[in-house]
Amino acid sequence: MPQHDAVEVITAKRDRGELSDSQIDWVIDAYTRGAVDDAQMSALAMAILLNGMNRREISRWTDAMIASGERMDFSTLSRPTADKHSTGGVGDKITLPLAPLVAACGVAVPQLSGRGLGHTGGTLDKLESIPGWRAALTNEEMFAQLESVGAVICAAGDGLAPADKKLYALRDVTATVEAIPLIASSIMSKKIAEGTGSLVLDVKVGTGAFMKDVDRARELATTMVELGTDAGVRTVALLTDMSTPLGRTAGNAIEVAESVEVLAGGGPADVVELTLALAREMLAGAGVTDVDPADKLADGSAMDVWRAMVRAQDGDPDAPMREAREQHVVGAPASGVLTRLDAMAVGMAAWRLGAGRAKAGDAVQDGAGVVWHARPGDKVAEGEPLFTLLTDEPERFERALASLEGGYDIDADNAAYDPTPLVIDRIG
Ligand code: URA
């Protein structure tokens, strides 16, 4: 590999230049090996945040991060593969019904997931609230489960894009998370290394999302779709609303219970709508166009895959879900129509109740979270339950209540409510 030095690479980007392929390959490799130190990589990340990267640079940067670790290959499986990635939101339990649903339609779903940090929940945290369920699988176990059950949701091993792991931790403490080239390459390096044949991105927009405005969300989605396409992965993105939390619950065990309701053919309408929209995109990406996923929710076959998926990872799908020891009900302060329910406020409340963690490695409470008894557009009556807060530690209620303050509006005049569409745009 040609030799460069860190100061030369940082200077090029600081002065708004384009990084060459060999500069990118070198700097990612040298950083992973420790030959470029954190101070130098911080300066480069900030230069990228301020001055951007073009499509070639982002694509090469992504390839270099993939090359820092192992690459999985599911091409010998007997069925096509599809995965989805959500940029993260409040009450976003969609992966739980989606993976078994898509598998029930004949497409294998290899889903490597993470744990939550901050106000957005992590899929593994939710699944770990199922008694016995195990997140860590070997590559061989993952492959075998994909062949036998059709869907697997498990923890990403350390071997996948280790350069990203190191760089993401650094960005977190240097105010450089928000750079679109760095977010896009971070997400896509892991998804491409994971070896899926097709990918659907759920890019969230709104108060509860990473991307607060639709233009930046569209730019991120377009960049990720281009990266996937350049790497030979059929990729599309949906921009979806995250100004309101999804469904009626945010937490761990309570989100699993809501997902099971969807798999049983019920569940909140928005969760069903998004699950079906993403399932249709995943099936189309995998070349399956003759199956309607709605039928697989209705006939119980998605539920059968869910149960097999949980069992294959030592979970008991029939075990009662753990419940929080304490609850606090918040009544509606007035009668009228709920016209706004802020995703960030609800996410913060769930987090403060113990459903999420403040720093990597903290434990989460299985039973903690927030249930909201009305969604925007619903009528509420003064004094009737609006929220139920759940936690094992009642001293957490006060801070959770503070985060809900100002987080919703009730229009006493029963004004007509104009809903935001859940799926805002499609890119790809
Ligand atoms: N998720 C990731 O994996 N990486 C980012 O940079 C942001 C969100």
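**Reasoning about aromatic rings**

Q: Why is Phe74 called buried in this predicted model?
A: Phe74 has a relative accessibility of 3%, and because buried means under 20% relative accessible area, Phe74 counts as buried.

Q: What makes Phe143 partly exposed?
A: The relative accessible area of Phe143 is 28%; since partly exposed covers what lies between under 20% and over 50%, Phe143 is therefore given that label.

Q: How many aromatic pairs does the structure hold, and why is the pair of Phe74 and Phe143 called stacked?
A: There are two aromatic pairs. In the pair of Phe74 and Phe143 the ring centres are 6.0 Å apart, and the planes stand at 25°; because rings pair if their centres lie within 6.5 Å, and planes under 30 degrees apart count as stacked, this pair is stacked. Phe74 lies in the loop between helix 4 and strand 1, whereas Phe143 belongs to helix 7, 69 residues apart in the chain.

Q: What makes the pair of Phe387 and Tyr408 edge-to-face?
A: The two centres are 5.5 Å apart and the planes meet at 65°, and because planes over 60 degrees apart count as edge-to-face, the pair receives that name. Phe387 sits in strand 11 and Tyr408 in strand 12, 21 residues apart.

Q: Why is Tyr408 called buried?
A: Its relative accessible area is 19%, and because the cut-off for buried is under 20%, Tyr408 is buried. Phe387, at 2%, is buried as well.

Definitions and conventions:
Residues numbered from 1 in each chain as written. Predicted model: local features only at pLDDT ≥ 70, side-chain atom pairs only at ≥ 80, totals over all residues. Heavy atoms only, no water. Helix = DSSP H or I, 4+ residues; strand = E, 2+ residues; numbered from the N terminus. Buried < 20%, exposed > 50% of the residue type's maximum accessible area, 1.4 Å probe, protein only.
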